[in-house]
Amino acid sequence: GREVIAMLYPFNALLARMKYITRWSLMHSTRPESLSEHTCDTALIAHMLCLIARRYTGTPCRPKTVAVAALYHDAHEIITGDLPTPVKYRSATLRDAYKAIEAESAAQMAALLPDELEEEVLPYLTGNLLTAEERKILKAADRLSAIIKCLEEARSGNHEFDSALRQQKEALKAMACPEAAWFMEHCLPCYPQNLDELTGKG
């Protein structure tokens, strides 16, 4: 009989390339950060912010849905690359053009799956399945991940990230996200600690 050739769907192989994309490309880093690392950090923080919302602040949200959306939130950068924030927001024209490219890239990526799976994945890639409150929590997690990176660089004696840290903190404060405020007060101060201090053995 004739050999049946299996259909191939490169979507996940494409996602695996997130580890090759370096963030903060216009700046000197003491330790480069890949898009994979940022994605994982953002998803973990987003999940925690949702749990904080459920337990303390009362913002309605779905922790698991937001965490999965966070895993996909920058996936389009595999195609577009990481466009630095100052460039992206330089003008309304650039911002709108980039938004359109993001949406187009998300659709292009989802099309690498069978129709049924494309239908399932696309709302995560675009974030369209999130409510306004959930979108805000995810954005706050994204900013917190950037703040943590900036603080790490500052601790290494690198002043390259000082203004980025200031801008990210101001932007986060302007969002008025109570979950992020709780995280900043109760979780962020622990990041400079070493392993023994973090685990109570210090």
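Let's start at Asn158, a residue that is buried, with a relative accessible area of 7%. Keep in mind as you look around that this is a predicted model. To find Asn158, go to the loop that runs between α8 (132-155) and α9 (162-175).

What does the side chain of Asn158 reach in this buried spot? One partner is the backbone oxygen of His28, at 2.8 Å. Another is the side chain of Glu153, with which the side chain of Asn158 makes a polar contact at 2.9 Å. If you set aside residues up to four places away in sequence, the neighbours that Asn158 touches are His28, Ser29, Thr30 and Glu153. So His28 and Glu153 turn up again in that list of contacts, while Asn158 itself counts as buried because its 7% falls under the 20% cut-off.

Now for the cysteines. How many disulfides does the structure hold? The count is 0. Cys40, for one, is in no disulfide, and the nearest cysteine sulfur to it, in Cys50, lies 16 Å away. As for its surroundings, Cys40 counts as partly exposed, because its relative accessibility is 40%, a value between the 20% and 50% limits.

Cys150 is worth a visit too. Is Cys150 buried or exposed? With a relative accessible area of 0%, Cys150 is buried. Why does the sulfur of Cys150 have no bond to the closest cysteine sulfur? That closest sulfur belongs to Cys177 and is 18 Å away, which is too far for a bond, since a disulfide needs the two sulfur atoms within 2.5 Å.

Conventions: Residues are numbered from 1 along each chain as its sequence is written. This is a predicted model: local features need pLDDT of at least 70, side-chain atom pairs count only at pLDDT 80 or more; totals for chains, interfaces and linings use all residues. Side-chain values use heavy atoms; hydrogens and water are left out. Helices (H or I, at least four residues) and strands (E, at least two) are DSSP runs, numbered from the N terminus. Buried means under 20% relative accessible area, exposed over 50%, partly exposed in between (1.4 Å probe, protein chains only). A polar contact is a pair of N or O atoms within 3.5 Å; within protein, one must be able to donate a hydrogen and the other to accept it, and residues adjacent in sequence count only if both atoms are side-chain atoms. Contact means heavy atoms within 4.5 Å.
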